[in-house]
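Grab your favourite viewer and work through a few exercises on packing, charge pairs and aromatic rings. Try each task on your own before you read the solution.

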Amino acid sequence: MSEIVARYREVLPELPEPREDAEKLGKDIAARWKSKPERQSLEWWGWFFALVREHPYLMGEVEQWRAGLAWLVCRANMDKVLGGHYLTRDQMGDPKRAQGEVVRETKSWSLEEYEQMRAERAREQAQDKSG
């Protein structure tokens, strides 16, 4: 568990320090580790945390809330992140991202603006599928 916490801190230093009950956090991490063979490596966890970095909502760039380690390792939340439930910077059309710049500053988005962008993206995807 300590290696995964260290990887979280390394890849996502902007997110909150884990302050949750260590026993529960350890159980949740162990459960996610055991759930699939590919998750049984630190490389996978580094990839997962890098994936989280690509989602402005999870990084606190959309509203005041930011994801924490305990939230990320909750099964339902991890499934949402891995399932593409949250828009990435590329999907949101972040011009700095498109130019290859590292984006670390936060951007203030209202929840309404975020939901509007998600709806527009869903419409575009539906149009692409329908031909």
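What follows is a set of exercises on this predicted model, each with a worked solution.

**Exercise 1. The nonpolar core**

Task: Find how many residues the largest nonpolar core has, and work out which helix gives the most to it.

Solution:
- Start with the count: the largest nonpolar core has 25 residues.
- Next, look for its hubs. The residues with the most contacts inside this core are Leu12, Phe48, Phe49, Val52 and Leu72.
- Now sort the core by element. Two or more residues come from each of helix 1 (2-11), helix 2 (22-35), helix 3 (42-53), helix 4 (69-73) and helix 5 (75-82).
- The top contributor is helix 3, with six residues.
- Zoom in on one hub, Phe48. Leaving out residues up to four places away in sequence, Phe48 touches Leu72, Met78, Val81 and Leu82.
- Finally, check the burial of that hub: Phe48 has a relative accessible area of 0%, so it is buried.

**Exercise 2. The two sides of helix 1**

Task: List the buried residues of helix 1, then say what covers them.

Solution:
- Pick out the buried positions of helix 1: Ile4, Val5, Tyr8 and Val11.
- Then see how they are spread around the axis. They cover an arc of only 140 degrees, so they sit on the same side of helix 1.
- Turn to the face of helix 1 that points away from this buried side, and you meet the exposed residues Ser2 and Glu10.
- As for the cover, helix 2, helix 3 and helix 4 are among the parts that lie over the buried residues of helix 1.

**Exercise 3. Isoleucine 29 and its neighbours**

Task: Is isoleucine 29 buried or exposed, and which residues does it touch?

Solution:
- Place it first: isoleucine 29 lies in helix 2.
- Its relative accessible area is 3%, and the cut-off for buried is under 20%, so isoleucine 29 is buried.
- Skip residues up to four places away in sequence, and the contacts of isoleucine 29 are Met1, Ile4, Val5, Trp45, Leu69 and Val73.
- Take one of those contacts, valine 5. Isoleucine 29 and valine 5 are 24 residues apart in sequence, with their C-alpha atoms 9.3 Å apart in space.

**Exercise 4. Charge pairs**

Task: Say how many salt bridges a search of the whole structure finds, and describe the one that glutamate 14 forms with arginine 53. Then turn to the salt bridges of glutamate 23 and lysine 24.

Solution:
- Recall the principle: side chains of opposite charge can pair when their charged atoms come close.
- The search of the whole structure gives four salt bridges.
- In the bridge between glutamate 14 and arginine 53, the closest N and O atoms are 3.0 Å apart.
- This pair links distant parts of the chain: glutamate 14 is in the loop between helix 1 and helix 2, arginine 53 is in helix 3, and 39 residues separate them.
- Compare their accessibility. Glutamate 14 is partly exposed at 26%, while arginine 53 counts as buried at 16%.
- Move on to glutamate 23 and lysine 27, whose closest N and O atoms are 3.4 Å apart. They are four residues apart in helix 2, so about one helical turn separates them.
- Check both ends: glutamate 23 is exposed at 53% relative accessibility, and lysine 27 is exposed at 53%.
- Then take lysine 24 and aspartate 28, with closest N and O atoms 2.9 Å apart. Both lie in helix 2, four residues apart, about one turn of the helix.
- Here aspartate 28 is buried, its relative accessible area being 18%.

**Exercise 5. Aromatic rings**

Task: State how many aromatic pairs the structure holds, and classify the pair of tryptophan 65 and tryptophan 71.

Solution:
- The total is 11 aromatic pairs.
- Warm up on phenylalanine 48 and phenylalanine 49. Their ring centres are 5.7 Å apart and their planes are at 55 degrees, so the pair is tilted.
- Phenylalanine 49, like any residue at 0% relative accessibility, counts as buried.
- For tryptophan 65 and tryptophan 71, the ring centres are 5.1 Å apart and the planes are at 70 degrees. That angle is over 60, so the pair is edge-to-face.
- Both partners are partly exposed: tryptophan 65 at 29% and tryptophan 71 at 22%.
- To finish, follow the ring pairs that join Tyr8, Trp44, Trp45, Trp47, Phe48 and Phe49 into a cluster.

Conventions: Residues numbered from 1 in each chain as written. Predicted model: local features only at pLDDT ≥ 70, side-chain atom pairs only at ≥ 80, totals over all residues. Heavy atoms only, no water. Core = buried A, V, L, I, M, F, W, Y, C linked by side-chain atoms within 4.5 Å. Buried < 20%, exposed > 50% of the residue type's maximum accessible area, 1.4 Å probe, protein only. Contact = heavy atoms within 4.5 Å. Arc of directions from axis to C-beta. Salt bridge = Lys/Arg side-chain N within 4 Å of Asp/Glu carboxyl O. Phe/Tyr/Trp six-rings, centres within 6.5 Å; stacked < 30°, edge-to-face > 60°.
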